[in-house]
Amino acid sequence: MQPGRRNGGRMQQDKALQIMLRGDNVMLTGPAGSGKSYLLSKFVNKARRQRKKVVVTATTGLAAAHLGGQTIHSWSGMGLDNKLHEDYTYMMSEGRKKLIRKTDVLIIDEVSMMHDYNLDMVDQAMKIVRENEEPFGGMQVILCGDFFQLPPVQQGGNGKFITESKAWQALELSVCYLEEQHRADDLRLQEILNAMRAGDMKQKHLKWLLARKGIEPPEEVTRLYTINVDVETLNAQKLAEVPGDSHYLLRTSKGGFGSIQQLERNVLAPAVLELKQSAVVMAVKNDPEQRFANGSTGVVIDFTDDGLPIVKFKGKRPIIVYPDIWELKSGDKTTASITQVPLRLAYAITVHKSQGMTLDAAEIDLTKAFVEGMGYVGLSRVKNLDNLYLKGINQRALMVSTEAQKIDAALRLRSKELL
């Protein structure tokens, strides 16, 4: 029997790992729970043992934090614009250029959230810095993600899936489509998610889902909402229930009005951060001293004399969290900067922010789902239907993108060609 022909002609993890280790540019995909993150970690360990310099990035800070990496925007130095700045190389430190030139393998996770032009920008940036006209300056590229997850956020109608980019074509990717379920220990949940992907939700699937509606969740459960205002409302409500005095930390900014606005859209630290002792918080930036990562959660245990929070992050010793700076650059000039303690309340998070997480249990409110894929992302965060507490759901939450379905079908075919 040929490798990979077992299990009905499905791509096995061992076969995918072999393809990645032989140096192919790879698109690693498959449904939630198919083991993509596990396989990436395994690949990173093996490649590093082969003395390869592997860089792990993701499209969002939270996804990057789960893999112990950083955002692709930050690592590549391409910034937050929709095209590479003409002074790109001059605004980059020699140290960062050196790191990019030494990189053998670049991993980009959660690529469904990346715009086509962003992938082209990274490609262009790597060619410039590495002085090499091969795709991505000659480094091996591993893209990972599921196109049924949330699509790129539309900016004035611009931006498509990365499959529309020039870089996608140039990379000549080997597609590794994982299908075997490793996460779901509940066949009903797996069947619901598969039906959503196929656009074939039946009455029994709805019945299973709606049976989880109205059940009171445990107090400590993570709550997922589709819109920011609901997250902020619940966070404020939960903070009000915490006894004790509030401490207020104000965000400051410098620069031109337009540049500050652009930066604010990409900074999760609130303008006014209200905290109390025992408040549950989440870090919104990687710590320069690596004491916490973007996405780390913890509890405020005290405050310093000058009002800075002392936070006990999960699995860490208590630390003082100092203000940090976010900057927007044009060439070597800083056009805007924002300073704030890099925290926000974490009683609830948006479905967008939950992408890439596996939760023990979750209360999910999908009554205001406004884009295809939102329901799929929310429901696939848990392993078991019995650990899902459904506050409500609308029709859109059950829909997935027809474009994603077409891309997925094409990727399945390309993966089968490698078996």
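Setting aside neighbours within four places in sequence, serine 165 is in contact with Asp116, Leu119 and Asp120. One of these partners, aspartate 120, sits 45 residues from serine 165 in sequence, yet the two C-alpha atoms are 6.3 Å apart in space. In this predicted model, serine 165 belongs to the loop between β5 (140-144) and α8 (166-171). With a relative accessible area of 1%, serine 165 falls under the 20% cut-off, so the residue counts as buried.

Aspartate 324 is another residue worth a look. Its place is in strand β15, which covers residues 324-330. The relative accessible area of aspartate 324 is 16%, so this acidic residue is also classed as buried. Not counting residues up to four places away in sequence, aspartate 324 touches Lys285, Asn286 and Pro288 on one stretch of numbering, and Ile338, Thr339, Gln340 and Pro342 on another.

Now for the whole chain. The protein has 15 helices and 20 strands. A compact globule of 419 residues would be expected to have a radius of gyration near 22 Å, and the protein comes out at 22 Å, so the value agrees with that expectation. Taken along the principal axes, the C-alpha atoms fill a box of roughly 70 × 60 × 40 Å. Of the 419 residues, 52% count as buried. Among contacts with a separation of 6 or more, 73% come from residues 24 or more positions apart. The accessible surface adds up to about 19,800 Å², and carbon and sulfur atoms account for 47% of that area.

Next come the charges. The protein carries 56 positive and 49 negative charges, and the mean positions of the two sets are 4 Å apart. The structure holds 16 salt bridges. In one of them, glutamate 191 pairs with lysine 204, with the closest N and O atoms 2.7 Å apart. Glutamate 191 lies in helix α9 (residues 187-198) and lysine 204 in helix α10 (residues 203-210), so this pair ties together parts that are 13 residues apart in sequence. Both ends of the bridge are partly exposed: glutamate 191 has a relative accessibility of 32%, and lysine 204 has 41%.

A second salt bridge joins lysine 202 to aspartate 200, again with 2.7 Å between the closest N and O atoms. Here, too, the partners count as partly exposed, with lysine 202 at 40% relative accessibility and aspartate 200 at 39%.

A third bridge runs between lysine 368 and aspartate 230, whose closest N and O atoms are 3.2 Å apart. This pair links distant parts of the chain, 138 residues apart: lysine 368 is in the loop between β19 (362-366) and α14 (374-379), whereas aspartate 230 is in helix α11 (residues 228-241). The two ends differ in how they meet the surface. Lysine 368 is partly exposed at 42% relative accessibility, while aspartate 230, at 16%, counts as buried. Elsewhere, salt bridges that share partners bring Asp146, Glu179, Arg197, Asp408 and Arg412 into one network.

Definitions and conventions:
Residues are numbered from 1 along each chain as its sequence is written. This is a predicted model: local features need pLDDT of at least 70, side-chain atom pairs count only at pLDDT 80 or more; totals for chains, interfaces and linings use all residues. Side-chain values use heavy atoms; hydrogens and water are left out. Helices (H or I, at least four residues) and strands (E, at least two) are DSSP runs, numbered from the N terminus. The radius of gyration is taken over C-alpha atoms; the globule rule is 2.2 Å times the number of residues to the power 0.38. Buried means under 20% relative accessible area, exposed over 50%, partly exposed in between (1.4 Å probe, protein chains only). Contact means heavy atoms within 4.5 Å. Accessible areas come from the Shrake-Rupley method with a 1.4 Å probe; for residues, only the protein chains shown count as cover. Lys and Arg count as positive and Asp and Glu as negative; His and the chain ends are not counted. The place of a charge is taken as NZ of Lys, CZ of Arg, CG of Asp or CD of Glu. A salt bridge is a side-chain nitrogen of Lys or Arg within 4 Å of a carboxyl oxygen of Asp or Glu.
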